[in-house]
Amino acid sequence: MKGYEQISPEQLLSADLSAPEWTERPWTVRWDGSTEPPEEVVRRTLGDVVDFHTSGSTGDGRTWRRDREQLWAEAGLIGDMLTADRPEAVLSFAPPRHIYGMIATVLVPARLGLPVWYRPQFAPMPEDTPHRRWAVMAIPWTFRLLRQRLSWARGMRRLSIVHSTAMLPAAAGELLDELGDTASILELFGSTETGAVATRRSGEGDRHWRLCPDVELLQPRPGDEGEAPLVVRSPRLAHAPEGGAMTEWRMDDYVRALDERTIAMTNRRGRLVKINGRRFDLDLLEERVRSAVPCVDAACVPVSDPVIGEHFDVLLVPAPGDAPGDIDLAALRSALPCRPRRVMAADRIDRSETGKLRRLQTGDRSELGRNSAR
């Protein structure tokens with residue numbers, strides 16, 4: 001296919017998947033054409049363990065190790081959730097350097113025995129294929145791109161979209177509205193340390209998360225008052241290179257247990273701030289900013305204020321052709337239930353491939369407004 005290099009499963013599984021040649025160029029693998037069962041190819045070619053690195057979005061980055069069998073089992077869990085939609089091929093936007101990309105881009109297609117096309121940001125869409133039922137492995141910008149390629153998306157009988165961890169952007173709901181019953185979104189909740197912990201299906205009325213079949217809820221317990229940090233047990237927990245396997249893991253997320261298998265998410269603690277007695281979800285505030293002000297990207301960054309304690313700053317990357325002075329500060333502030341401490345224009349916002357805001361923000365900034373009310 002034009003623009004996509006066809007490579008063998010063995011080439012893919014033996015490669016350094018963090019290298020630019022695998023993350024920044026398009027390629028395709030025909031798992032459907034393998035003469036050997038994909039499971040045997042994986043066991044023969046993929047290393048016994050695979051190392052992944054946290055992004056540093058909630059603390060110092062570090063390395064976590066997953067066994068090949070753990071990765072294969074997780075790919076099976078996700079593959080099982082897609083089989084009812086009868087996908088014929090996989091289109092992935094998730095770079096294989098991180099845990100979600102390794103599972104979604106490399107191993108789920110192998111488990112399903114389907115051809116996969118990996119599409120980095122500036123590659124063409126896969127054209128001239130007979131496939132009309134696709135599993136789409138998404139990252140946040142995928143939804144905006146698919147809305148820009150509606151002729152391609154509308155030409156499909158089914159798009160089974162998978163998205164991991166980061167909050168769905170507004171464009172996801174808009175895409176579902178455009179495509180109707182031909183598309184759905186399977187959301188995965190988890191982390192590098194845990195792998196997938198729970199799932200839900202957007203567009204089908206699922207507000208809460210169901211634990212994956214092999215995950216046990218340790219905390220909170222059904223009937224507990226209020227929220228509590230989520231503690232889970234799973235055979236897929238990672239381990240540090242210098243240590244043994246973990247038996248349980250406490251996550252950064254606070255939840256309520258609705259029953260033994262269902263949790264209601266409060267949010268990541270690092271994305272909540274309490275200002276003058278009111279708690280605000282920074283992910284929700286970011287969506288309000290993006291809806292109110294034309295921009296390439298926007299971020300609400302938690303900060304410490306010497307007078308009132310917790311607060312947040314807004315970073316904005318102006319829309320193409322706009323100067324920082326063109327940003328409508330009045331519209332931005334009117335869209336928010338609380339005035340940010342500062343509003344700054346930035347040349348870029350540092351995010352991981354899955355859309356998580358990194359702890360350290362780099363790049364040139366200019367301050368546009370400051371909240372002097374204390």
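In this predicted model, Arg68 has a relative accessibility of 12% and therefore counts as buried, the cut-off for that class being under 20%. Arg68 is nevertheless paired through its side chain, for it forms a salt bridge with Asp48 in which the closest N and O atoms are 3.0 Å apart. Asp48, at 57% relative accessibility, counts as exposed, because that class begins over 50%, and the bridge thus has one buried partner, Arg68, and one exposed partner, Asp48. What does this pair tie together? Asp48 sits in the loop between α3 (38-45) and β3 (49-53), whereas Arg68 belongs to helix α4 (residues 68-82), so the salt bridge ties together parts that are 20 residues apart in sequence.

A second pair has another setting. The side chains of Glu287 and Arg290 meet in a salt bridge with an N to O distance of 2.8 Å, and both residues lie in helix α9 (residues 282-292), where being three residues apart means that about one helical turn separates them. Glu287 is buried, with a relative accessible area of 15%, while Arg290, with 29%, is partly exposed.

For Asp350 and Arg348, which also form a salt bridge, the closest N and O atoms are 3.9 Å apart; this pair still counts because the criterion asks for a nitrogen within 4 Å of a carboxyl oxygen. Asp350 is buried at 16% relative accessibility, and Arg348 is partly exposed, its relative accessible area being 42%.

These pairs belong to a wider set, since a search of the whole structure finds 26 salt bridges. How are Arg66, Glu74, Asp214 and Arg236 linked? A network of salt bridges joins these four residues. Side chains of opposite charge can pair when their charged atoms come close.

From the charged pairs we turn to the nonpolar interior. The largest nonpolar core has 67 residues, and those with the most contacts inside it are Leu107, Trp134, Met137, Phe143, Trp152, Leu159 and Ile161. Helix α5 (residues 99-112) gives the most to this core, contributing nine residues. A second core, separate from it and made up of 19 residues, includes Phe280, Ile327, Leu332 and Ala345.

Trp134 offers a way to follow the contacts residue by residue. When residues up to four places away in sequence are not counted, Trp134 touches a set of residues that includes Pro87, Ala89, Val90 and Leu91, as well as Trp117, Pro126 and Thr129. Trp134 also touches Trp152, Met156, Arg158, Leu159 and Ser160, and of these Trp152 and Leu159 are named, like Trp134 itself, among the residues with the most contacts inside the largest core.

The cysteines can be considered next. Cys212, at 2% relative accessibility, counts as buried, whereas Cys295 is partly exposed, with a relative accessible area of 21%. A disulfide is a covalent bond between the sulfur atoms of two cysteines. With a cut-off of 2.5 Å between cysteine sulfur atoms, the count of disulfides comes to zero.

It remains to set these details within the whole chain. The protein chain has 10 helices and 21 strands, and buried residues make up 53% of its 374 residues. Among the contacts in the protein chain with a separation of 6 or more, 61% are between residues 24 or more positions apart. The accessible surface of the protein chain comes to about 16900 Å², and carbon and sulfur atoms account for 46% of that area.

Methods
Residues numbered from 1 in each chain as written. Predicted model: local features only at pLDDT ≥ 70, side-chain atom pairs only at ≥ 80, totals over all residues. Heavy atoms only, no water. Buried < 20%, exposed > 50% of the residue type's maximum accessible area, 1.4 Å probe, protein only. Core = buried A, V, L, I, M, F, W, Y, C linked by side-chain atoms within 4.5 Å. Helix = DSSP H or I, 4+ residues; strand = E, 2+ residues; numbered from the N terminus. Contact = heavy atoms within 4.5 Å. Areas by Shrake-Rupley, 256 points an atom, 1.4 Å probe, with all protein chains shown as cover.
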